[in-house]
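Visitor: I would like a short tour of this protein model. Please explain each term as we go.

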Amino acid sequence: MSIRSALRRLVRPILPLGLLAAATVSPRHRNGALVGLAAFWTWIYTRYRRAGRVATAVEYDQLGTANWDAYWRHYNEQVPTIEEEFAMWGEFHQHRHEMRYDLVAADVRAHLPRGGVVLDVGCGSGLVADRILDLDATYLGIDFPEHHVAYVARRFAPLPGALATRFLRGDGELLPLADASVDVVVLSEVIEHLLRPERAVWEIARVLRPGGVLLMTTNNASELPLCSPSTNPLAWVEKAVGATRPSVISRRPWVWPVPVDRTLLPDGSADIYLPHTHHIQAETASMFGAAGLDTFRWTTFEFPPPQAATTVWLESRGDRGTRAVDLVEAVATRVPGLKRLGCHVFMRARKIGPPVSASPPPGIWPGPFS
């Protein structure tokens with residue numbers, strides 16, 4: 001790191017605090033300090049917004065390189081089971097990841113009628129099913145990678161419980177189920193991976209019974225900024241406001257940060273990137289509405305984001321860090337404004353009518369393949 005960069009990293013957090021202190025304790029210098037603070041924050045945010053738009057445009061173009069062959073090979077030959085991922089991540093991140101299954105399973109219990117059917121699209125290792133084994137209901141797990149389906153079917157074969165389980169290989173954009181045959185659909189951390197997410201939404205609306213509920217979690221484009229609110233408060237405002245005003249969001253990830261493994265591609269192929277889209281709540285709710293699904297509640301979870309320096313520090317503290325991050329979660333999800341800035345958004349939508357058209361209309365989703 002150059003001396004200039006080091007000085008910049010040092011000055012950025014200190015300068016606004018100094019100006020705030022001057023505005024607070026020195027009436028004589030208050031106006032000048034406030035003007036300086038406004039100028040500093042405007043400069044920082046302008047740079048942040050410009051860089052965010054450039055990065056978003058680059059990733060959108062990268063997503064346009066995706067194709068079905070690369071997608072199929074990646075998910076059937078490269079993607080590990082969740083237990084294999086837990087072994088790589090360690091206990092801290094496993095604990096944070098399993099929180100999602102606890103939240104989703106609690107909502108399944110709230111909305112699934114006795115004797116009803118729950119469909120888990122992208123079921124992985126069946127960690128939602130693990131949490132509802134006592135329910136008098138039918139659980140249908142569908143996943144795209146063949147090895148995931150084989151693994152989860154073996155895993156649940158010996159498990160006792162009232163829950164009847166069945167596992168199928170399938171594509172979320174073309175569900176192998178009859179119309180109006182399901183009471184609850186779980187779509188947890190799946191929609192961000194799809195090339196045509198609007199097709200999956202239309203399929204889910206098709207298989208849901210009238211009044212049935214979709215429970216969806218995904219990456220949140222309005223997640224907590226990786227900067228201090230004292231250094232760049234306008235970035236925090238952007239993220240909080242952007243959840244319901246999509247045009248405000250400047251940085252919106254679209255792809256995995258690394259391209260598809262080259263061993264899966266033909267010789268001489270250019271880099272190919274696959275989706276890992278961060279969703280904007282209002283934009284996705286609008287797509288749901290066009291499919292006949294009314295979003296009646298949405299929340300966010302996972303504070304702070306996994307890539308934040310605070311998370312890295314908490315992980316290093318072992319059990320104390322795990323207890324501390326649970327406390328952070330409990331507090332953050334109750335603070336107005338802040339509570340919409342979790343790393344993941346959790347949307348609940350009810351089927352209230354037919355879609356606006358038999359298939360998704362052009363432009364209903366802003367991705368390059370829609």
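Guide: Helices (H or I, at least four residues) and strands (E, at least two) are DSSP runs, numbered from the N terminus. This is a predicted model, where local features need pLDDT of at least 70, side-chain atom pairs count only at pLDDT 80 or more, and totals for chains, interfaces and linings use all residues. Residues are numbered from 1 along each chain as its sequence is written, and side-chain values use heavy atoms, with hydrogens and water left out.

Visitor: Where is glutamate 223 placed?
Guide: Look for β5, which spans 208-219. Then look for α8. Glutamate 223 sits in the loop between β5 and α8.

Visitor: Which side chain of opposite charge is nearest to glutamate 223?
Guide: Lys and Arg count as positive and Asp and Glu as negative, while His and the chain ends are not counted. Glutamate 223 is buried (under 20% relative accessible area; exposed is over 50%, partly exposed in between; 1.4 Å probe, protein chains only). It has no salt bridge (a side-chain nitrogen of Lys or Arg within 4 Å of a carboxyl oxygen of Asp or Glu). The nearest side chain of opposite charge, 6.2 Å away, is lysine 239.

Visitor: With which side chain does the side chain of glutamate 223 make a polar contact?
Guide: A polar contact is a pair of N or O atoms within 3.5 Å; within protein, one must be able to donate a hydrogen and the other to accept it, and residues adjacent in sequence count only if both atoms are side-chain atoms. Here the distance is 3.3 Å. The partner of glutamate 223 is glutamine 307.

Visitor: How many salt bridges does a search of the whole structure find?
Guide: Side chains of opposite charge can pair when their charged atoms come close. One network of salt bridges links Arg96, Asp326 and Glu329. Searching the whole structure gives a count of 18.

Visitor: How far apart in sequence are the parts tied together by glutamate 238 and arginine 49?
Guide: These two form a salt bridge, with the closest N and O atoms 3.1 Å apart. Glutamate 238 lies in helix α8 (residues 233-242) and arginine 49 in helix α2 (residues 30-63), so the pair ties together parts separated in sequence by 189 residues.

Visitor: Are arginine 348 and aspartate 107 buried or exposed?
Guide: Arginine 348 and aspartate 107 form a salt bridge, with 3.0 Å between the closest N and O atoms. Arginine 348 is in strand β7 and aspartate 107 in helix α5, so the pair ties together parts 241 residues apart in sequence. Both residues are buried.

Visitor: Which element gives the most to the lining of the second largest pocket?
Guide: A pocket, on a 1 Å grid over the protein atoms alone, is an open set of points with protein on both sides within 12 Å along at least five of seven lines; lining residues have an atom within 4 Å of a point. The second largest pocket is lined by 16 residues. α5, β6, α11 and β7 each supply at least two of them. With five residues, the top contributor is β6.

Visitor: Which residues lie nearest the centre of the second largest pocket?
Guide: This pocket holds about 330 Å³ of space (a volume is the space filled by probe spheres set on the points, which are joined across faces, edges and corners). Nearest its centre lie Arg297, Thr299, Thr300, Thr333 and Lys339.

Conventions
On a 1 Å grid over the protein atoms alone, a cavity is a set of points where a 1.4 Å probe fits but cannot get out, and a pocket is an open set with protein on both sides within 12 Å along at least five of seven lines; lining residues have an atom within 4 Å of a point.
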